[in-house]
Protein chains: 2
Amino acid sequence: MRADARHNRALILDTALSLFAARGPAVSMEEIAQTAGLGVGTLYRHFPDRRTLLEQIAVDTLRRLLSAAQEFADRPVPRWEVLMLFVRHCAGLPLALAKSLSDGPSHPPEVAELISGVDGLIARIAEQAQREGSMRPDIPPREVVDVLSIAVCRPGARADDTLTTVILDGLKTSAGADAAP
Amino acid sequence: MRADARHNRALILDTALSLFAARGPAVSMEEIAQTAGLGVGTLYRHFPDRRTLLEQIAVDTLRRLLSAAQEFADRPVPRWEVLMLFVRHCAGLPLALAKSLSDGPSHPPEVAELISGVDGLIARIAEQAQREGSMRPDIPPREVVDVLSIAVCRPGARADDTLTTVILDGLKTSAGADAAP
DNA sequence: TCCAATATGAAGCGGAGCTTCCGGTTCCGA
DNA sequence: TCGGAACCGGAAGCTCCGCTTCATATTGGA
């Protein structure tokens with residue numbers, strides 16, 4: 001592969017990821033190309049169709065996210081802190097894209113599996129946080145995951161935006177407040 | 001106006017409102033007609049185009065919402081309770097539609113005015129709640145409005161769903177907890 | 001009974017976005 | 001430096017989807 005081609009391929013992936021993270025899945029191929037400073041033709045040289053590009057980004061993102069989450073979970077720190085680390089780590093990721101792929105008409109199996117992997121892991125951590133006493137116990141762990149998803153899958157979500165702050169505070173007990181920096 | 005026509009007009013408005021509330025602004029004219037048990041032609045006899053139907057629903061909804069909010073605000077009860085009344089009252093309303101109209105390319109002036117009227121009123125109430133001590137003081141009232149909007153403008157939002165609960169709890173101080181039933 | 005008002009839904013239309021394709025350009029080894 | 005294979009650009013074509021129209025059938029009501 002020629003050097004410029006390698007460079008452009010990476011540029012396309014970066015650009016597309018940023019756009020999907022900022023504005024959700026409804027970004028056109030033309031806008032991706034234009035933002036990257038390339039022609040549409042170049043996109044199609046590297047990715048045979050839109051679907052392929054979207055899946056590649058979603059799978060990459062989810063793989064990294066899952067392994068980061070597992071790494072956080074293995075740390076010997078309060079579970080509440082693990083949750084905060086995870087939520088912060090989600091900022092700038094195109095998670096609305098990933099979710100829309102697994103919800104949409106074309107369920108790529110790998111995307112669905114990765115999502116359910118992440119969800120399961122976070123649900124376990126939430127349950128442990130409840131036992132630890134840092135999280136309110138009256139919400140089933142699976143619903144905690146749903147609520148956090150809303151905070152974290154919004155296009156343009158930031159780690160420290162008001163909604164995320166409010167939701168985290170709404171999930172924690174006063175005991176958990178101490179663990180939160 | 002003939003009796004069946006009057007009936008169908010009301011049926012269309014009801015059906016469209018429910019669909020927009022449940023699934024957001026991206027509901028097609030055909031689906032509205034089908035759900036109402038009518039042909040598309042009948043929609044176009046009552047509303048010359050999609051835009052007209054959407055604006056009518058948005059303006060109706062916002063007018064009612066604003067006057068309800070004003071009525072709540074006039075009650076001699078704690079401001080936190082007014083906020084809860086308001087949030088509960090928003091359930092089942094097509095607010096995502098209204099917001100998308102005022103954000104979208106066709107800004108109907110009346111929709112924008114009504115929205116800013118509601119936002120202003122809620123911001124004032126939030127400020128009073130902060131002075132009253134029932135709401136955390138570290139979030140500017142305008143951002144409180146933004147956060148509540150996210151809870152309340154979701155398609156399919158319910159008054160008692162988990163997200164709404166968590167956000168309200170995240171917004172209130174322990175002092176405010178007493179005012180909340 | 002009669003007709004004006006109303007309802008129907010298939011066909012027409014338009015736009016937005018995906019995809020193709022070929023002439024022009026650029027890299028890179030010899 | 002040169003040749004050619006790899007690569008890029010972007011206009012044109014295509015397809016899909018949802019809005020809108022309209023000729024025909026139906027119905028309320030005097």
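Modeller: A helix here is a DSSP run of H or I with at least four residues, a strand is a run of E with at least two, and both are numbered from the N terminus. This is a predicted model, in which local features need pLDDT of at least 70 and side-chain atom pairs count only at pLDDT 80 or more, while totals for chains, interfaces and linings use all residues. Residues are numbered from 1 along each chain as its sequence is written, and chains are lettered from A and ligands numbered from 1 in the order in which they are written.

Colleague: With that in hand, which residue follows H7(A), and what is the sign of its phi?

Modeller: The residue after H7(A) is A:Gly133, and its phi is positive, near 90°.

Colleague: How do you know that the span of helix H7 of chain A agrees with its number of residues?

Modeller: The expected span is 1.5 Å times one less than the number of residues. Helix H7 of chain A, at residues 109–132, has 24 residues and should therefore span 34 Å, and since its end C-alpha atoms are 34 Å apart, the two values agree.

Colleague: Which residues of H7(A) are buried, and what do they pack against?

Modeller: A residue is called buried if 20 or more other C-beta atoms, placed from the backbone, lie within 10 Å of its own, exposed if there are 12 or fewer, and partly exposed in between. In H7(A) the buried residues are A:Val111, A:Leu114, A:Ile115, A:Val118, A:Ile122, A:Ile125, A:Ala126, A:Ala129 and A:Gln130. They pack against helix H4 (50–74), helix H5 (79–89), helix H6 (95–103) and H8 of chain A, and over the whole of chain A, buried residues make up 32% of the 181 residues.

Colleague: Why is A:Asp4 called exposed?

Modeller: A:Asp4 has 8 other C-beta atoms within 10 Å, and because the cut-off for exposed is 12 or fewer, the label follows. A:Asp4 belongs to helix H1 of chain A, and its C-alpha atom is separated by 23 Å from that of A:Ser28, which is 24 residues away along the chain.

Colleague: How many helices and strands does chain A have, and what are the dimensions of the box that its C-alpha atoms fill?

Modeller: Chain A has 10 helices and 0 strands, and its C-alpha atoms, taken along the principal axes, fill a box of roughly 55 × 30 × 25 Å. Among contacts (C-beta atoms, placed from the backbone, within 7 Å) between residues of chain A at least 6 apart in sequence, 70% join residues at least 24 apart.

Colleague: Which rotation superposes chain A on chain B, and what is that relation called?

Modeller: After least-squares superposition on the C-alpha atoms of residues with pLDDT of at least 70 in both copies, a rotation of 180° with 0.0 Å of shift along its axis brings chain A onto chain B, at an RMSD of 0.0 Å. That is why the relation is the one of a two-fold axis. The same surface serves both copies, as 100% of the contact residues of chain A recur in chain B. Of the residues of chain A, A:Gly170 comes closest to the rotation axis, with its C-alpha atom at 1.8 Å.

Colleague: What makes up the contact between the chains?

Modeller: Chain A and chain B each bring 12 residues to the contact. On the side of chain A, helix H8 (141–152) and helix H9 (162–171) each supply at least two residues, and H9(A) gives the most, with 7 residues. That side has 7 nonpolar, 2 polar and 3 charged residues, where Ala, Val, Leu, Ile, Met, Phe, Trp, Tyr, Cys and Pro count as nonpolar, Asp, Glu, Lys and Arg as charged, and the others, Gly among them, as polar.

Colleague: Which residues come nearest to DNA strand C, and which to DNA strand D?

Modeller: Counting a residue as near if its C-beta atom, placed from the backbone, lies within 6 Å, 22 residues are around DNA strand C, and A:Ala3, A:Ser28, A:Asp49, B:Gly39 and B:Gly41 come nearest. Around DNA strand D there are 22 residues, of which A:Gly39, A:Gly41, B:Ala3, B:Ser28 and B:Asp49 are the closest. H3(B) gives the most to the surface near DNA strand C, with 4 residues, whereas near DNA strand D the largest share, 4 residues, comes from H3(A). The surface near DNA strand D has 8 nonpolar, 6 polar and 8 charged residues.

Colleague: Where does UniProt place the "DNA-binding region" in chain A?

Modeller: The unreviewed UniProt entry places that feature at residues 28–47 of chain A, a stretch that is 75% helix and 0% strand, with its end C-alpha atoms 14 Å apart.

Note on methods: Two residues are in contact if their C-beta atoms, placed from the backbone, lie within 7 Å. UniProt positions are given in the numbering used here, feature names are shortened, and annotations may be inferred rather than shown by experiment.
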